Amino acid sequence: MTANGTHTGRRPPQVAALAVGAVFLVVGVLGFIPGITTGYDELEFAGHHSGARLFGVFAVSILHNLVHLLFGVVGVLAAGKRAASRVFLMVGGGIYLLLWLIGLAIPQSSPGNFLPFNVADNWLHLGLGVGMIALGLFTTALERKAGDYPEPDLQHQ
């Protein structure tokens, strides 16, 4: 904080969005590294036929890795603004819960499984969705407790 009471550093939602975004960037890059991604010679652009596994566990494809990189970039950019950070955490968490549901609904050998997902991905998507939403709620609660949460600008006419 500065002498006049304005905040100069990153706020809790911004720190969380930056951390989540950075993790997605790292995971996206790791998906392109042979050895960290097993079955790298089976890496397909998209589809359930990709035999590549990040850490030998999570099904990945080129498209899947690019989605991780894009999500990471969005998180890092969102970390520049407090409101954008909250939106990234809450909406991003919702997207991952939706991906979890899609992963449960679409058979793994189906052409609809184009990213691809496997059982490990489904559990990870559930955890990411719940975790990101929890971070959004928790960091907002921290700001409210500190009295640093912006109240809505309501204008009465």
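A helix here is a DSSP run of H or I with at least four residues, a strand is a run of E with at least two, and both are numbered from the N terminus. By that definition V91 lies in helix α3. Keep V91 in mind; the tour comes back to this residue. The model is predicted.

**Stop: the whole chain**

Show the cartoon. The chain has four helices and three strands. Follow the sequence and the pattern reads α-β-β-β-α-α-α. Now colour by accessibility. Of the 157 residues in the chain, buried ones make up 36%.

**Stop: the largest pocket**

Select V23, F24, V27, L54, F55, F58, H64, H68, D121, L124, H125 and L128. These residues line the largest pocket. Three elements each give two or more residues to this lining: α1 (12-30), α2 (62-78) and α4 (119-145). Which element supplies the largest share of the lining? Helix α4 does, with four residues. The pocket has a volume of about 180 Å³.

Colour the lining by residue type. Eight residues are nonpolar, three are polar and one is charged.

**Stop: F55**

Stay with one of the lining residues, F55. F55 sits in the loop between β2 (53-54) and β3 (58-59). Check the backbone angles. Most residues other than glycine have a negative phi. F55 is not a glycine, yet its phi is positive, about 60°. Is F55 buried, exposed or partly exposed? Its relative accessible area is 48%. Exposed means over 50% and buried means under 20%, so F55 counts as partly exposed.

**Stop: G21 and F71**

Select G21 in helix α1. G21 is buried, at a relative accessible area of 0%. Now add F71 and draw a C-alpha to C-alpha distance. The two residues are 50 apart in sequence, and their C-alpha atoms are 6.7 Å apart in space. F71 also leads to the next stop, as one of the residues that line the second largest pocket.

**Stop: the second largest pocket**

Select V67, L70, F71, V74, V87, F88, V91, G92, I95, Y96 and L99. They line the second largest pocket. About 150 Å³ of space lies in this pocket. The elements giving two or more residues to the lining are α2 and α3 (82-105). Helix α3 contributes the largest share, seven residues.

Colour by type again. How many of these lining residues are charged? None: ten are nonpolar and one is polar.

**Stop: the nonpolar patch**

Switch to a surface view. Select V87, M90, V91, I95 and L137. Together they form a nonpolar patch on the surface, with about 420 Å² of accessible area. Four of the patch residues come from α3, the largest share.

Click on V91. This residue belongs to the patch and also lines the second largest pocket. Why can V91 belong to a surface patch? Patch residues need over 30% relative accessible area, and V91 has 47%, so V91 passes that cut-off. At that value V91 counts as partly exposed. V87 and I95 are also in the patch, and both appear in the lining of the second largest pocket.

**Stop: the salt bridges**

Hide the surface. Show side chains for R82, R86 and E143. Side chains of opposite charge can pair when their charged atoms come close. How many salt bridges are there? The count comes to two.

Take R82 and E143. Their side chains meet in a salt bridge at 3.1 Å, N to O. R82 lies in helix α3 and E143 in helix α4, so this pair ties together parts that are 61 residues apart in sequence.

Now take R86 and E143. Their side chains also form a salt bridge, at 2.0 Å, N to O. R86 is in helix α3 and E143 in helix α4, so the pair ties together parts 57 residues apart in sequence.

E143 takes part in both pairings. Keep all of these residues selected: R82, R86 and E143 are linked in a network of salt bridges.

Finish with accessibility. Is E143 buried or exposed? Buried means under 20% relative accessible area, and E143 has 2%, so E143 counts as buried. R86 is buried too, with a relative accessible area of 14%.

Methods
Residues are numbered from 1 along each chain as its sequence is written. This is a predicted model: local features need pLDDT of at least 70, side-chain atom pairs count only at pLDDT 80 or more; totals for chains, interfaces and linings use all residues. Side-chain values use heavy atoms; hydrogens and water are left out. On a 1 Å grid over the protein atoms alone, a cavity is a set of points where a 1.4 Å probe fits but cannot get out, and a pocket is an open set with protein on both sides within 12 Å along at least five of seven lines; lining residues have an atom within 4 Å of a point. Grid points are joined across faces, edges and corners, and a volume is the space filled by probe spheres set on the points. Ala, Val, Leu, Ile, Met, Phe, Trp, Tyr, Cys and Pro count as nonpolar, Asp, Glu, Lys and Arg as charged, and the others, Gly among them, as polar. Patches are made of residues with over 30% relative accessible area and no salt bridge: like charges are joined within 9 Å, nonpolar side chains (Val, Leu, Ile, Met, Phe, Trp, Tyr) within 5 Å. Accessible areas come from the Shrake-Rupley method with a 1.4 Å probe; for residues, only the protein chains shown count as cover. A salt bridge is a side-chain nitrogen of Lys or Arg within 4 Å of a carboxyl oxygen of Asp or Glu. Buried means under 20% relative accessible area, exposed over 50%, partly exposed in between (1.4 Å probe, protein chains only).
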